[in-house]
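Subject: A structure for you to explore

Hi,

Here is the structure I promised to pass on to you. Have a look at it first, and then read my notes below with the 3D view open.

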Amino acid sequence: MKQIIIKILAASATAIMLTGCAGFFDKDNTPTPSPLTRFTPEIKTKLMWYRGVNFGVGSDYLKMVPAVTDHAIFTADKEGDVTATNRITGSNLWHYKLQSNLSAGPGTDESLLFIGSRTGKVYALRQSDGALVWEAQVSSEILTPPVASRGIVLVKAIDGQLTALDARTGRAMWHYLQTEPALILRGGSVPQVTRNDVVVGFANGNLAKLTLQDGSLLWQQMITVPEGSFAIQRMVDIDADPVVFNNRVYVATYQGKIAALDLTTGKVYWTHDISSFTGLTVDNQRVYVADATSHLWAFDADSGGVAWRQNQLEARNITGPATIANYLVVADQEGFLHWINKQDGHFIARNRVTGFGILATPIVRDNNVYLLTRDGHLANYTLVS
């Protein structure tokens with residue numbers, strides 16, 4: 001399968017990566033990022049530390065999201081470098097070089113890291129020192145972090161196959177496959193484990209719930225029906241990670257919809273037309289999602305009604321949103337971190353993190369925001385009370 005870069009203008013979408021089986025496109029319709037508007041900051045933020053940890057992803061469209069635990073931040077870059085960084089001080093804990101081109105950030109369990117490569121290799125490393133424990137092979141390139149739970153590692157490949165591996169040995173336990181379209185976004189959503197089940201989205205627009213132990217299908221729901229005469233118009237990938245919250249699943253598709261479903265039955269409660277491939281987050285009242293034009297939306301979690309929309313970051317290739325206290329944070333392609341009021345969507349603070357841009361959604365832990373830049377730097381910001 002060929003991997004190709006396509007710059008398109010689809011509902012004012014900025015440059016994104018796609019994968020297709022045939023043909024080559026090289027049309028640059030990328031819109032100009034909106035200029036940043038000035039405002040009076042309402043909160044104080046502080047850079048706790050900033051350090052280079054690896055080579056990064058360069059010009060490749062690879063999110064390579066870090067993994068954060070109580071004590072460390074684990075990162076991987078496309079050249080095979082895996083690092084552990086002290087979460088509090090930013091100091092280096094260890095570094096390990098894999099002889100592989102990596103394509104997905106690490107996932108963790110209590111003691112191991114799990115990392116995916118372009119060739120479909122999965123590597124398990126010890127969190128304590130980075131030593132290689134085992135490696136396994138899945139069907140194709142891995143673009144989403146492996147997910148570990150209850151002794152099982154879930155690995156989703158770009159061809160639509162989900163593989164469950166034994167976390168101790170790497171032995172394949174079961175497979176689940178959905179047929180993907182010929183043309184898809186170059187990315188994917190991370191499977192979400194809930195109790196003894198897993199919710200997973202696919203590039204064909206389907207959301208499925210499976211049993212964790214053997215991969216049996218519990219329900220399946222098509223979130224968006226592909227429409228259009230051309231393959232590029234029929235793309236309805238679920239690339240934004242589904243969110244499980246209060247016995248509901250919230251999910252968004254590219255060129256399709258955002259939807260709220262019943263976790264037990266898969267019944268759809270509400271939908272709203274939207275195109276998203278970056279991410280969403282949920283609290284007790286609202287669902288927050290970044291769309292393909294880099295508008296940030298807030299929907300009522302119960303009814304799906306629009307609470308507000310922030311459009312002043314249009315075409316800035318923003319990440320998915322993350323929640324910290326009463327605020328949202330998103331980063332953009334020019335290296336800014338934006339702090340946004342959750343109630344009405346106005347800006348309350350802004351930081352210039354880097355000049356190289358940020359693809360990975362910020363990670364929030366214990367009142368800290370962690371960011372990984374395209375050139376392999378980690379930054380830690382916090383709120384100042």
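Let's begin with the largest nonpolar core, which has 28 residues in this predicted model. Phe74, Val82, Trp94, Leu102 and Leu125 are the ones that touch the most other members. At least two core residues come from each of strand 5 (72-76), strand 6 (81-86), strand 9, strand 10 (121-126) and strand 16 (183-185). A second core, separate from this one, has 17 residues, including Leu337, Ala349, Tyr381 and Leu383.

Try clicking on Leu102 to see its neighbours. Leaving aside residues up to four places away in sequence, Leu102 touches a list that includes Leu62, Met64, Val82, Ile115 and Tyr123. Charged residues such as Asp77, Lys78 and Arg118 are also among the contacts of Leu102.

Next, the aromatic rings. How many aromatic pairs are there? The count comes to 10. One of them joins Phe114 and Trp134, with ring centres 6.0 Å apart and planes at 40°, so the pair is classed as tilted, a label for angles that are neither under 30 nor over 60 degrees. Phe114 belongs to strand 9 (residues 112-117) and Trp134 to strand 11 (residues 132-137), so this pair links distant parts of the chain, 20 residues apart. Both Phe114 and Trp134 are buried. Elsewhere, Tyr250, Trp270, Trp297 and Phe299 make up one aromatic cluster.

Some rings have a charged partner over the face. Lys156 sits over Phe202, 5.5 Å from the ring centre, and Arg248 sits over Tyr269, 4.1 Å from the ring centre.

Lys156 also turns up beside Gln161, a residue of strand 14 (residues 161-166). Is Gln161 buried or exposed? Its relative accessibility is 16%, and the cut-off for buried is under 20%, so Gln161 counts as buried. Besides Lys156, Gln161 touches Ser139, Val155, His175, Tyr176 and Leu177, again leaving out residues up to four places away in sequence.

Finally, do look at the largest pocket, with a volume of about 1300 Å³. The lining of this pocket is made of 46 residues, and Val65, Val190, Gln192, Asp241 and Ile363 lie nearest its centre. Which strand gives the largest share of the lining? That is strand 8, with six residues. Other elements that give two or more residues include strand 4 (67-68), strand 17 (192-194) and strand 33 (363-365).

Enjoy exploring, and write back with any questions!

Best wishes

Methods:
Residues are numbered from 1 along each chain as its sequence is written. This is a predicted model: local features need pLDDT of at least 70, side-chain atom pairs count only at pLDDT 80 or more; totals for chains, interfaces and linings use all residues. Side-chain values use heavy atoms; hydrogens and water are left out. Rings of Phe, Tyr and Trp (its six-membered ring) pair if their centres lie within 6.5 Å; planes under 30 degrees apart count as stacked, over 60 as edge-to-face and the rest as tilted. Helices (H or I, at least four residues) and strands (E, at least two) are DSSP runs, numbered from the N terminus. Buried means under 20% relative accessible area, exposed over 50%, partly exposed in between (1.4 Å probe, protein chains only). A charge sits over a ring if NZ of Lys or CZ of Arg is within 6 Å of the ring centre and within 35 degrees of the ring normal. A nonpolar core is a set of buried Ala, Val, Leu, Ile, Met, Phe, Trp, Tyr and Cys residues joined through side-chain atoms within 4.5 Å. Contact means heavy atoms within 4.5 Å. On a 1 Å grid over the protein atoms alone, a cavity is a set of points where a 1.4 Å probe fits but cannot get out, and a pocket is an open set with protein on both sides within 12 Å along at least five of seven lines; lining residues have an atom within 4 Å of a point. Grid points are joined across faces, edges and corners, and a volume is the space filled by probe spheres set on the points.
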